[in-house]
Amino acid sequence: MKKILFLTTCITAFLCANPGRAQVIALHEGANDPTSEDVTTWSVDGSDVTVGPVTDDLGTGLDAWMINDDSNTGELSYLYFLSPEETTSLQEEAWTFSVHMRVVNVPDSLDSGISVRITDGQERWQASFGSEADGDPRVALLDENMSTIDIGTFDDYGPGYHLYEWKRAAGGGPVDFYVDGEEVYSDWTGFEYTLGYCGWGSGSRAATGNANYNLVKLEIVPEPASVVLLAMGLLCMSCVSRRKQ
Ligand SMILES: [Ca+2]
Ligand SMILES: [Ca+2]
């Protein structure tokens with residue numbers, strides 16, 4: 001029984017010290033050039049778009065990487081292609097894809113001039129961004145038929161940086177979409193797609209858009225539930241064992 005109690009104590013202590021240990025799969029940070037970052041080397045897809053570092057953007061203290069598609073001929077995105085193991089992880093485990101960015105032009109028509117997408121080799125969840133005249137962001141998600149989902153407006157959100165998050169629970173299923181920590185669209189089914197990757201930038205030659213990306217991060221977020229259940233089970237066993245003595 002002492003061994004079980006010791007194990008339970010160790011697991012509980014570990015959980016307290018490591019709540020939800022995450023595994024980062026892809027990362028862009030600040031004004032780093034995406035083609036030469038520490039964690040992830042992003043590949044460039046496209047051309048004829050102005051890109052470059054931005055420091056202390058609007059005096060916010062935030063650094064970013066600018067992707068300014070201002071032509072009807074150019075398009076450029078940064079892509080990270082998942083390994084087979086990472087693709088399987090995205091299909092089976094819980095993950096979050098986070099993008100902290102601002103739409104620069106006001107207003108900016110809502111189209112694929114600013115496009116962010118994530119796929120798990122089976123489904124693709126794609127969002128496009130624009131802005132209203134007063135700077136509030138505009139967001140469009142594509143459904144399983146590649147039609148635009150109306151997720152409402154973001155009045156009073158204002159110009160500047162916002163955190164957009166794609167969150168999926170373990171075991172597959174739909175994605176929930178968050179803006180600044182608030183769940184704004186639930187049970188999002190993406191469209192069928194067989195390549196595993198995440199990408200951000202301009203996804204259209206015809207469309208235009210300018211965005212500054214402070215953060216792009218894809219991470220596996222282990223759900224602590226299974227470990228908690230194990231700890232609880234061990235705790236129960238130790239209690240039963242104690243009663244028997
Ligand atoms: Ca374009
Ligand atoms: Ca646009």
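Let's start with a hairpin: strands S11 and S12 form one, with six residues between them. In that turn sits glycine 171, with a positive phi of about 90°. When I say strand, I mean a DSSP run of E with at least two residues, while a helix is a run of H or I with at least four residues, and both are numbered from the N terminus. Before we go on, please remember that this is a predicted model: local features need pLDDT of at least 70, side-chain atom pairs count only at pLDDT 80 or more, and totals for chains, interfaces and linings use all residues. Residues are numbered from 1 along each chain as its sequence is written, and chains are lettered from A, with ligands numbered from 1, in the order in which they are written.

Back to our hairpin. S11 and S12, the latter covering residues 175-179, run antiparallel and are joined by five bridges. Two strands count as paired if DSSP finds at least two bridges between them. If you want to find one of these links on the screen, look for tyrosine 164, whose bridge partner in S12 is valine 179.

S11 also has a partner in S6: those two pair in the antiparallel sense over seven bridges. Here you can spot histidine 100 standing opposite leucine 163 in S11.

Now follow S6 across to S16. Nine bridges join S6 to S16, again antiparallel, and serine 98 stands opposite lysine 217 in S16.

Which other strands pair with S16? One is S1, residues 23-29, which pairs with S16 in the antiparallel sense over six bridges, and there histidine 28 stands opposite valine 216. Another is S4, residues 64-69, which is antiparallel to S16 over five bridges. In that pairing, isoleucine 67 stands opposite alanine 211.

Is S16 mostly covered or mostly open? Strand S16 spans residues 209-220 and is mostly covered, with nine of its 12 residues buried. A residue is buried if 20 or more other C-beta atoms lie within 10 Å of its own, exposed if 12 or fewer, and partly exposed in between, with the C-beta atoms placed from the backbone.

That brings us to the core. A nonpolar core is a set of buried Ala, Val, Leu, Ile, Met, Phe, Trp, Tyr and Cys residues joined through C-beta atoms within 7 Å. The largest one here has 38 residues, and those with the most contacts inside it are Cys198, Ala211, Tyr213 and Leu218. The largest share of this core, five residues, comes from S6.

Let's zoom in on alanine 211. Leaving aside neighbours within four places in sequence, alanine 211 is in contact with Ile67, Met101, Arg102, Val103, Val104, Ile114 and Phe129. Contact here means that the C-beta atoms of two residues, placed from the backbone, lie within 7 Å.

There is another chain of pairings to trace. Five bridges join S2 to S5, residues 75-81, and the two run antiparallel. Valine 44 has tyrosine 78 as its bridge partner in S5. Tyrosine 78 also has tryptophan 200 as its bridge partner in S15, and S5 and S15 (residues 197-201) run antiparallel with five bridges.

Next, some unusual backbone spots. Most residues other than glycine have a negative phi, and most peptide bonds are trans. Where do we find a cis bond? The peptide bond from valine 106 to proline 107 is cis, with omega near -10°. Proline 107 lies in the loop between strands S6 (95-103) and S7 (108-119).

Two aspartates have a positive phi. Aspartate 156 has a phi near 75° and sits in the loop between S10 (148-149) and S11 (162-168). Aspartate 156 is exposed because just 7 other C-beta atoms lie within 10 Å. Aspartate 187 has a phi near 55°, but its place is in strand S13, residues 182-188. With 9 C-beta neighbours inside 10 Å, aspartate 187 counts as exposed.

One more aspartate before we finish: aspartate 48, in the loop between S2 (43-47) and S3 (50-54). Why does aspartate 48 count as partly exposed? Because it has 13 C-beta neighbours inside 10 Å. Not counting residues up to four places away in sequence, aspartate 48 touches Ser71, Thr73 and Gly74.

Finally, the whole chain. It contains three helices and 16 strands, and buried residues make up 33% of its 245 residues. Among contacts between residues at least 6 apart in sequence, 71% join residues at least 24 apart.
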